[in-house]
Amino acid sequence: MASRRDFIKISAIGAGVLAVGAGAFKVIKVLSSSEEIKKLVVDLKRTPTYCEVCFWKCAGWVYKNSEGKIWKITGNDEDQHCNGRFCPRGTGGVGMYYDEDRLKSPLIRVEERGKQVFREATWDEAFELIATKMKDISSKYGPESMALFTHGSGSGYFTTLLKAYGSGNIAEPSYAQCRGPRDEAFFATFGEEAYSPEITDIRDTRCLVLIGSHIGENMHNGQVQEMSDAIDKGAVIITVDPRFSTAAGKARYWLPIKPATDMALLLAWMHEIIYNEYYDKKYVEKYCSGFEQLKAHVKDFTPEWAYGITTIKPDQIRKTAKEMADASPAVIVHPGRHVTWYGDDTQRIRAVAILNALLGSWGRRGGFYRPAKFALASFPIPAFKAPARTWQDIFPGKYPIASSPVSNALIDASVAENNPVYPVKGWFVNGTNLIFTIPNQANTLKAIQNLDLLVAIDTMPMEITGWADVVLPECTYLERYDILRVSPHRKPAIALRMPAAEPMNNTRSAYWIARELSKKLGLSGYFPFEKQEELLDWQLQKAGSSLEEMQRIGVKTFERDADDLYFAEDENVEFSTDSGKIELYSAFFEGAGFDPLPKYVAHEEPAEGFYRLIYGRAPMHTFSRTSNNPNLTDLMDENSVWVNPLVAKEWGLKSDQYIWLKNQDGIITDFSVKVRVTERIRWDSVYIIHGFGHAQKQMKRCFGRGVSDTQLITNVLVDPLMGGTGMRSNFVTFVTEKAEQEVVS
Ligand SMILES: Nc1nc2c(c(=O)[nH]1)N[C@H]1C(S)=C(S)[C@@H](COP(=O)(O)OP(=O)(O)OC[C@H]3O[C@@H](n4cnc5c(=O)[nH]c(N)nc54)[C@H](O)[C@@H]3O)O[C@H]1N2
Ligand SMILES: Nc1nc2c(c(=O)[nH]1)N[C@H]1C(S)=C(S)[C@@H](COP(=O)(O)OP(=O)(O)OC[C@H]3O[C@@H](n4cnc5c(=O)[nH]c(N)nc54)[C@H](O)[C@@H]3O)O[C@H]1N2
Ligand code: SF4
Ligand SMILES: [Mo]
């Protein structure tokens, strides 16, 4: 077993180097020398923040140098999300502030000599135009025809604005493109979601099973640290991945599964655990319902049966099932996070939830803990009028178990030929690059062509801004106050973000933007505080703190009301499911017309000469939001395509050669990508990192670097239960030469 030092280290103040979990755990660039840090210690001018480079939201400190310039960000020792240490992306977040390609001024699309261009505008002009168009949309189609797509801390303000205006059509890509299937599956089983940060008690686990979840490349901070600690303490890691991931490199078992077949493995594990009586009998008897039906259901799903589907040897399936049982209840079959893979994702994650229930891990030390969240007071504002029509009314009966609006359904509602009951004619897009985030780009662009209004609120000239009628430049998270972070964790806590510097150029915070716009729409009663810090102080006073205190400490952690992190021995627990039990058999799914127990369904295979396109994360980037970050592009400025040596030989491909990828529908990538020949990927798949291949010239560092997975995801397998967009059913082949006119320049 490797020591902790070898594992993915998250940077700490005083640490000269960052060791990241990429590839061979190579040491990457020094972000700050110890000399610089010494200088810093003398010059301690720091302000608190929580990081916006990804959605783990680590709390930290922003330091300025002697010239008063933002210089460095480090973790806050008191914070449960990061324990004082930031990941490479969080440390590199300074680059978001200094990026000279940032949006600098509001922009309005105009027609000049037959050509569409943006002209710089004042905030007032931009707001006038938006308000006029919003009023038009409301009177022509009803206010529900405005939708908001949003991701990140500004979401709350634009949500208030849209609800006040009369629409509840507000979608986040973190639902239907990310963790929606998981949360619905966990709800159906345990009556509770898996939360963010996940309530996985990795720190004390004895066995961690990762289905895909590539922790270490997926750099969600506390989770990476806890996994590293668990490995030090001897935990068994079982990694199921067609690729030898960083986590696989730390695992006792790597199961290089044939992609799209995980359900068969999960069913075979259930079979083993039930028929060998490995399951936690007392727990199942006390807390679960539907055991006999589950037992009958998995009777024939033997390891031999699964071997024929997954290519994982029966003996490996047996051994790993026994490992889980030996560790039970301190075992976690990780719920995953980005789980929108093959369209049967809610059912696959139901299988994961059921396995955890059989192993008795929910509510147990080393399994899943009970989260605690600080309940902040909300300042009274007028009640929102219930919208006349909801998002479910657009396509009646579709995605019946979705508990949040489905982004792709709102996009489909902007395409006339889909016959929506009512159309979506206006979009607010805040902090999400829909062109890269939503698969089937042709559909997204078709929807955009049908809009009367598209407003993009962003910090960078990302692809989505290029399609907007009005672009509103937000300042970065380092230049603004934001909502107080109260994410659930082991203990309730509050974290403050405050500006370390004035907004650069003509940029503003989301709060200010939403409030000013509310005035133009006659809705200013929903934003009673002129300054956001007044609202924060009001909330903090109610919480027994103050803005002044939080500016000094950044994070305030409270004790739990009771000693109930885990279930007590023989505790009677009422689960929030219909039956009050953990539902192994889901009457809820059955009632909605879906399988009450998960089933294996075979997925499409690549045609001859094609390979399944799979994708994931790099430790030093977050989706497309960091692609142009000067600090992070220094660490990695393009993606590569991982190709198995057998395949490379067949095609005559060499490492470092640039090629194009072409998918099953004839789509060829705009740009070329470097080949990486490696044993670490199965022969039937190729792998790329998401977030590269930008075609926006205004982003000088990332333009034309690498390829975009989204461009190749034209076959989308939509989950009929909740609308999640399965994106891993696309197949690519290699193009070594591309005609001149086809190359984007
Ligand atoms: N550095 C960094 N960290 C991040 C992010 C980031 O952008 N950058 N984003 C964050 C967010 S929002 C999310 S949702 C998470 C996403 O991260 P995860 O939830 O970990 O995403 P997955 O899709 O499970 O993981 C990708 C892995 O799935 C494997 N895989 C592909 N197909 C299959 C298959 O059929 N079966 C199995 N078993 N494995 C398969 C791939 O080889 C790859 O290793 O990461 C978070 N952390
Ligand atoms: N093909 C493909 N699609 C995917 C995924 C994938 O792996 N492959 N992953 C899926 C997952 S798991 C997720 S969670 C989603 C993520 O989807 P998104 O959150 O849409 O991801 P990004 O592409 O990073 O887009 C973030 C946008 O926010 C902007 N931004 C950054 N900071 C701020 C800010 O402070 N204020 C404002 N207003 N804007 C800001 C960035 O410039 C960028 O335009 O994508 C999903 N879609
Ligand atoms: S995990 Fe890294 S990028 Fe994400 S919030 Fe924490 S420090 Fe920032
Ligand atoms: Mo995600």
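A residue counts as near a molecule when one of its heavy atoms lies within 4 Å of it. By that rule, 32 residues surround ligand 1 in this predicted model. Ligand 2 has 27 residues around it. This briefing takes the ligands one by one, then turns to two helices and three single residues.

**Ligand 1**

- Among the 32 residues around ligand 1, the nearest are Asp241, Asp262, Tyr342, His621 and Arg728.
- The shell of ligand 1 holds 16 nonpolar, eight polar and eight charged residues.
- Asn218 places a polar side-chain atom 2.9 Å from a nitrogen atom of ligand 1.
- The side chain of Arg89 has an N or O atom 3.3 Å from a nitrogen atom of ligand 1.
- Arg337 takes part through its backbone: an N or O atom there lies 3.3 Å from an oxygen atom of ligand 1.
- On its own, ligand 1 has 920 Å² of accessible area, and the protein covers 99% of it.

**Ligand 2**

- The closest of the 27 residues around ligand 2 are His151, Thr432, Asp458, Glu474 and Ser624.
- His151 has a polar side-chain atom 2.5 Å from an oxygen atom of ligand 2.
- In the side chain of His690, an N or O atom is 3.1 Å from a nitrogen atom of ligand 2.
- Thr710 brings a polar side-chain atom to 3.0 Å from a nitrogen atom of ligand 2.
- The protein covers 98% of the 930 Å² of accessible area that ligand 2 has on its own.
- At least two shell residues come from each of α6 (173-190), α15 (434-437), β16 (453-458) and α24 (709-712).
- By type, the shell of ligand 2 has nine nonpolar, twelve polar and six charged residues.

**Ligand 3**

- Around ligand 3 stand Cys51, Val53, Cys54, Trp56, Lys57, Cys58, Phe86, Cys87, Arg89, Gly90, Met219 and Asn221.
- Eight residues of the ligand 3 shell are nonpolar, two are polar and two are charged.
- Arg89 is listed around ligand 3, and its side chain also has an N or O atom 3.3 Å from a nitrogen atom of ligand 1.

**Helices α8 and α13**

- Helix α8 covers residues 262-275.
- At 1.5 Å a residue, the 14 residues of α8 should span 20 Å, and its end C-alpha atoms are indeed 20 Å apart.
- Of the 14 residues of α8, 13 are buried, so the helix is largely enclosed by the rest of the structure.
- Glu277 follows α8 and has a positive phi, near 55°.
- Helix α13 (residues 345-358) also has 14 residues.
- From its first C-alpha to its last, α13 reaches 20 Å, close to the 20 Å expected.
- α13 is mostly covered, with 14 of its 14 residues buried.
- After α13 comes Gly360, whose phi is positive, near 70°.

**Arg102**

- Arg102 sits in the loop between α3 (94-98) and β6 (107-112).
- Its relative accessible area is 3%. Buried means under 20%, so Arg102 counts as buried.
- The side chains of Arg102 and Glu479 are joined by a polar contact of 2.9 Å.
- Beyond residues up to four places away in sequence, Arg102 touches several others, including Met96, Thr459, Glu474, Glu479 and Thr507.

**Thr459**

- Thr459 lies in the loop between β16 and α17 (463-466).
- With a relative accessible area of 22%, Thr459 is partly exposed.
- Leaving out residues up to four places away in sequence, Thr459 touches Arg102, Leu103, Glu474, Cys475 and Thr476.
- From Thr459 to Lys491 is 32 residues in sequence and 33 Å in space, C-alpha to C-alpha.

**Thr465**

- Thr465 belongs to helix α17.
- Thr465 is buried, at a relative accessible area of 4%.
- Not counting neighbours within four places in sequence, Thr465 is in contact with Leu103, Phe118, Ala456, Asp458, Met460, Val471 and Gln696.
- One of these contacts, Asp458, is also among the closest residues to ligand 2.

Notes
Residues numbered from 1 in each chain as written. Chains lettered and ligands numbered in written order. Predicted model: local features only at pLDDT ≥ 70, side-chain atom pairs only at ≥ 80, totals over all residues. Heavy atoms only, no water. Helix = DSSP H or I, 4+ residues; strand = E, 2+ residues; numbered from the N terminus. Expected span 1.5 Å × (residues − 1). Buried < 20%, exposed > 50% of the residue type's maximum accessible area, 1.4 Å probe, protein only. Polar contact = N/O pair within 3.5 Å; in protein donor to acceptor, adjacent residues only side chain to side chain. Areas by Shrake-Rupley, 256 points an atom, 1.4 Å probe, with all protein chains shown as cover. Nonpolar A, V, L, I, M, F, W, Y, C, P; charged D, E, K, R; others polar. Contact = heavy atoms within 4.5 Å.
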